[in-house]
Every structure is written in C-alpha cells, then in structure tokens.
Amino acid sequence: MTDSLTKPLPLTAYERWQRQEGVPIHHAYYVESLYTLDLGPWARKGGSGAYLNLGKQEEDDAYVVEIPPGGELIPEHHLFEALLFVLSGRGATSVWANGAERRTVEWQAGSLFSPPLNCWYQHFNASGSEPARLLAVTGQPKAFETYRSPEFIYGCDWTFRDRFGGEEDYFKDPGRRLMRLCWRTNFVPDVRSFPLEEEPERGPGFNMKFALAENSMVAHVSEFPIATYKKAHRHGPGAYVIILGGEGYSRLWFEGDAESMRVDWRDGSVLSPSDGMYHQHFNTGRGPARYLALRPGGHPEFGAARHQRHEDQRAVNQIEYQEEDPAIREEYEAELAKIGLTIQLNTEEYRLADTYARVARGELV
Ligand SMILES: [Fe+2]
C-alpha cells in the first residue's frame, strides 16, 4: 500500500474548527436515536450538543443542540444555511438583521424552519422543566472549504436582503404550493401532520418537498404505507434521513458490493447514504412510516431544476422492483411474517407509474 493511502491526512479547516468546539463528533452511517444521543457542553452555543458527520458526507453536516430548561442559547449568525428540526421540547427562535425588524417563531417537537442566511438568531426554551433538543443540517463544511476562516464565516456583517427583510408575516405565512410535491414556507409547525401528495414513482407513498428561507438546501417528507417498501435508488451526497414515525429498516450499499448494510430504525433514528450509495427503505411497522430528509437540492427558482437534471442523468439511479435481487423481497416478506402481515404491493402497478412519470419528464420520448 502506498504512503498516500496509509499516512494520516492533515486536518481540514472544518475539522480543526469542529475539534476546538469540544463537543462529541459522531461518525457512522446512522444513529439509532437522536433523542438519547450523547451530548457534551458546547460553550460557544451556551448549551450542550454533538456533531454528526454521517455517511462520510463532505457537502453538509449535522448537529444536535440542547437548550437547558428555562434557558437560552447564545446568539449567532453564519455564512452557511442551516435547516432546523425540533426533536423535542418547545420554545422560540428570534431572527434579526441590520436594518430589519426582529421576528420570532414559536416551535414545538416536529417543527421545521431555518434562520435566513447570515441573519442573527437566538433560541429560547419555553419550558422551565424540560430541555429542548434541535437537529440542524447545515452547509458548514462547504463554507470552511471555501473560506477556511471561522472569523469570516461567523463574523461577516453582510445582510442578504433578498433572504430576509424583517417581514411581519415571515414565520406566520403558512406558505403556498409552488408546484407538484413542493411547498414554499418559512415555518412548518409539525412535519408529522403536514398533508403530503401521492408520489408513486419510487413505490407506494406520499411526499412533499419544503423550500424554506430562500435556501438552496431543501427538506422533504416522505411516507409509505404499511407492508410496503420503497424502490432502491441512489443520488448525490448530503441527505440526512430522520425517521419521524413507524418502524422499519434500510439497506445501504455501493454498486458491486458483495453485501449491503442493514440499518434498523424507529422514531428518532437518522441515517445518511453517501454520495452514489444505493439505499432502500422497508416498513415493518403496524402503520405507515414517515421520514424527513434534509439535504442539498437547489433553490426552487435558481437551482432545483439543474440539481434534478443532474440526478436524472445518472446512468442508473433507481432499481425497479422487477430488477432487484429476489433476496431483497424474500427478506422483507419474512420480516412481515414475524408480525403477521403480508406484503401490500402491486408490482406491475408501480412499474407503470414509474413509466408514466418518466414519460412526463420527457425521459422516454
Ligand atoms: Fe434517497
């Protein structure tokens, strides 16, 4: 083996920054429970937390931060986007910028929002007895790759007027449907109960994408019915998949791998498939399974179409039910049998749905 493969690599600016933060850093493909994840004191934020670098992602990262009962975190602002999902508790976040009114959003477990790029923000816990725990997925690694200066990334005073002008209804506006499967808003009170639209292309199920705070990072929620599983697929880097409800497992593998990795999940688990890694989700619960994915995806006006085209141009990005290894369905049917269920999947129907969707996208004409 050559030196270049065995010698430890020098730390990147991002890694140096992360280490001096002093909180635990979790590297894996999944974490069983974000609710009980080990946290450490986080002096810079004034609470406790941990970083998550799952799936060897370099495009984005994640962290969990906890606000003590009756407490608040230290205000901050930064030159990268952050999507925030409330894991537990209730509280509020104030957002402000030079020359713009301060706006405050009140949140609870299940809420989703994002402080606009480089705006100041501060989190408050509304409970005097329970901690509040948030998950963030952020573009921080790319910002450090570009600027390598924490003083600039956390200290630049530029205001992005096209992102935030202190609008009175900034967090109150429930939003609007931009297009099929895409909702534009700055605050989703509860992603667990938000109505979804049918999306049969990847197997039975429902979906909705959220474009928040004029970000290039996006979120989507997906739900699939009892006794069904999704088609295996792969795409670009950076997706953190947070389980919101139900029980099941996922399989992850790279093309050519002799074996795939199995990850069992439930409410509060998170997994992250690497760039180009196949992944496939299986529902083994007694009801629907729902997850939230936080990821790069492109601003709906400026970048989403390009991002999608890039994904669609991959030679093979989805494995149809008919084309998959028969062992995949055998394992799934055996798992269902353990809880007295049989598979609820009309394979032919979903093959046709996929064909129609691809024709509609102009891929098959
Ligand atoms: Fe995916």
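Visitor: Let's start inside: are W183 and F194 buried or exposed?

Guide: This is a predicted model in which local features need pLDDT of at least 70 and side-chain atom pairs count only at pLDDT 80 or more, while totals for chains, interfaces and linings use all residues. Residues are numbered from 1 along each chain as its sequence is written, and side-chain values use heavy atoms, leaving out hydrogens and water. Buried means under 20% relative accessible area, exposed over 50%, and partly exposed in between (1.4 Å probe, protein chains only). W183 and F194 are both buried.

Visitor: How many aromatic pairs does a search of the whole structure find?

Guide: Rings of Phe, Tyr and Trp (its six-membered ring) pair if their centres lie within 6.5 Å; planes under 30 degrees apart count as stacked, over 60 as edge-to-face and the rest as tilted. Searching the whole structure with that rule, the number of aromatic pairs is 22.

Visitor: What is the angle between the planes of F80 and Y154?

Guide: These two rings are 5.8 Å apart centre to centre and form an edge-to-face pair. F80 is in the loop between β5 and β6 and Y154 in the loop between α4 and β12, so the pair ties together parts that are 74 residues apart in sequence. Both F80 and Y154 are buried. The angle between their planes is 80 degrees.

Visitor: And what is the centre to centre value for W183 and F194?

Guide: W183 and F194 are edge-to-face as well, with 70 degrees between the planes. They are 11 residues apart, W183 in strand β13 and F194 in the loop between β14 and β15; helices (H or I, at least four residues) and strands (E, at least two) are DSSP runs, numbered from the N terminus. Centre to centre, the value is 5.5 Å.

Visitor: Which residues do ring pairs link into a cluster?

Guide: F80 and Y154, the edge-to-face pair from before, belong to it. The cluster consists of Y14, W17, F80, F144 and Y154.

Visitor: Which residues of helix α2 are exposed on the other side?

Guide: The buried residues of α2 are A13, Y14, W17, Q18 and E21. They share a side of the helix because they cover an arc of only 130 degrees around the axis, an arc taken from the directions from the helix axis to the C-beta atoms. An α-helix has 3.6 residues a turn, so residues three or four places apart point the same way. On the other side of α2, the exposed residues are R19 and Q20.

Visitor: How many residues of β5 are buried?

Guide: In a regular strand the side chains alternate between the two faces of the sheet. β5 is covered on both faces, with D61, Y63, V65 and I67 on one side and A62, V64 and E66 on the other. The buried count for β5 is 7 of 7.

Visitor: Which residue stands opposite A62 in β11?

Guide: Two strands pair if DSSP finds at least two bridges between them. β5 runs antiparallel to β4, joined by 5 bridges, and pairs in the antiparallel sense with β11 over 7 bridges. On the β4 side, A50 stands opposite V64. In β11, the residue opposite A62 is V137.

Visitor: What is the order of the open sheet of 3 strands?

Guide: Its pairing is antiparallel, with 7 bridges between β7 and β8. One of the matches there joins V95 to its bridge partner R103. The strand order is β8-β7-β10.

Visitor: Which residues is S88 in contact with, leaving aside neighbours within four places in sequence?

Guide: S88 lies in strand β6 and, at 25% relative accessibility, counts as partly exposed. Contact means heavy atoms within 4.5 Å. With those neighbours left aside, S88 touches A109, P131, A132 and R133.

Visitor: Which residues coordinate the iron ion?

Guide: Donors are N, O and S atoms within 2.8 Å of the metal (3.2 Å for Na, K and Ca), and water is not among the atoms, so sites may look incomplete. The donor residues here are spaced H-x1-H-x43-H in sequence, with H233 in strand β18 and H279 in strand β23, 46 residues apart. H233 is buried at 4% relative accessibility, and H279 is buried too, at 2%. At 2.2 Å, each through NE2, the iron ion is coordinated by H233, H235 and H279.
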